Amino acid sequence: MASDLEQLCSYLNEKICNIKKILSLRSLGQAPALQTTLSKIGDEIITVHELLNKFELEILYQEQTNKSLKELCASLEDEFKDVEHLKEQIPSFLPQVTATQSLVNKPDLDPKEPVEAEEPVLAKKPPKEQRVIKEMQFITTDEFNGVPAYMKSRLTYCQINNVIKEINKAVVGKYKIMHQPKASMNSGKRNLYQRYINEETKDTKGRFFIVEADLKEFTTLKADKRLYVILNILRHCQRLSEVRGGGLIRYVLT
């Protein structure tokens, strides 16, 4: 019983001590000199927060660059394998025709005989130009700071750019199918292609856009309140516009 009372007294004394410390800190914070110091500390914290946002944006950019380099490396490896395969298939002996041999083998031309004109060799068709798929640019820290507080609420700079990253996935996924030859499509892609054609309007002609179904098809984004708030912010930052009609909202990249 005595030990229990001692523990209770110790607990109460500890709480009283903590309360005294809090009260002393509160009174110290009201001193004019300390208020200036606290204000400077607050400014430093804001500066560090902005620097962290810039670091996070740089990390996102480096991740995208790393992904592109990996894809390029894989493509080069495939090309190298093809070249090695062709190299292995070259015959061990190939007859070489020299300039003197070609002149000897040609019969002497009779000046009285008409010379037949050689047929012009048709030039090879240039390769088809690769179609570029437009992607949404990340928002900058200045743009983020310019968004009204009531609009962004507790959303962070990186959360908005992460959604932009997912939107770009949906745009690239959709327009890769749109640019694919129909003969090479399976039934699933043909159905998607037909849906894309049906969703086109005169206001979206020649522009890149997606709908909510594309986000479900190519990303893990959920169509919740948070997503709609971010889409509203992107519209405010002039990253996209909306074209409505036929019961659909088309998010057009600007």
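What follows is a walk through the salt bridges, surface patches and a few individual residues of this predicted model.

Salt bridges make a handy starting point. A search of the whole structure turns up 8 of them. One joins the side chains of lysine 165 and glutamate 63, with N and O 3.3 Å apart. Because lysine 165 sits in helix H6 and glutamate 63 in helix H2, this pair ties together parts that are 102 residues apart in sequence. Neither end of the bridge is tucked away under the 20% cut-off for burial: lysine 165 is partly exposed at 25% relative accessible area, and glutamate 63 is also partly exposed, at 41%.

Helix H6 has another salt bridge to show, between lysine 169 and glutamate 166, where the closest N and O atoms are 3.2 Å apart. These two residues are 3 positions apart in helix H6, so about one helical turn separates them. Their surroundings differ in cover: lysine 169 is partly exposed, with a relative accessible area of 38%, whereas glutamate 166 comes out as buried at 14%. What does glutamate 166 touch once its neighbours within four places in sequence are left aside? The contacts are Thr219, Thr220 and Leu221. So glutamate 166 counts as buried because its 14% falls under the 20% cut-off, and the residue has its place in helix H6, which covers residues 157–178.

A further bridge pairs glutamate 199 with arginine 195, the closest N and O atoms being 2.7 Å apart. Both residues are in helix H7 (residues 187–199), and being 4 residues apart they are separated by about one helical turn. Glutamate 199 is buried, with only 6% relative accessibility. This bridge does not stand alone, as salt bridges with shared partners join Arg195, Glu199 and Asp214 into one network.

Turning to the surface, a nonpolar patch is made up of Leu5, Leu8, Tyr11, Leu12 and Ile16, which together have about 480 Å² of accessible area. Leucine 5, one of its members, lies in helix H1 (residues 2–29). At 47% relative accessible area, leucine 5 is partly exposed. Charge also gathers on the surface: Glu77, Asp78, Glu79 and Asp82 form a negative patch. Within that group, glutamate 79 belongs to helix H2, which runs over residues 32–88. Glutamate 79 is partly exposed as well, with a relative accessibility of 47%. Helix H2 therefore carries glutamate 79 of the negative patch as well as glutamate 63, the partner of lysine 165 in helix H6.

Some residues that are well separated along the chain turn up at modest C-alpha distances. Asparagine 145 is in helix H4 (residues 141–146) and is partly exposed at 45% relative accessibility. Its C-alpha is 9.8 Å from that of glutamate 50, although their positions lie 95 residues apart in sequence numbering. Leaving aside neighbours within four places in sequence, asparagine 145 makes contact with Glu50 and Lys152. Lysine 176 offers another example. This residue is found in helix H6, and its C-alpha is separated by 9.3 Å from that of arginine 131, 45 residues apart along the chain. Lysine 176 counts as exposed, with 55% relative accessibility.

Backbone geometry adds two residues worth a look. Most residues other than glycine have a negative phi. Which way does serine 153 go, positive or negative? Serine 153 has a positive phi, near 50°. The residue lies in the loop between helix H5 (149–152) and H6, and is exposed, with a relative accessible area of 59%. Glutamine 238 also has a positive phi, near 60°. Its place is the loop between helix H9 (225–236) and strand S2 (240–245), where glutamine 238 counts as exposed at 65% relative accessibility.

Key. Residues numbered from 1 in each chain as written. Predicted model: local features only at pLDDT ≥ 70, side-chain atom pairs only at ≥ 80, totals over all residues. Heavy atoms only, no water. Patch = residues over 30% accessible without salt bridge, like charges linked within 9 Å, V, L, I, M, F, W, Y side chains within 5 Å. Areas by Shrake-Rupley, 256 points an atom, 1.4 Å probe, with all protein chains shown as cover. Salt bridge = Lys/Arg side-chain N within 4 Å of Asp/Glu carboxyl O. Lys, Arg positive; Asp, Glu negative; His and termini not counted. Charge placed at Lys NZ, Arg CZ, Asp CG, Glu CD. Buried < 20%, exposed > 50% of the residue type's maximum accessible area, 1.4 Å probe, protein only. Contact = heavy atoms within 4.5 Å.
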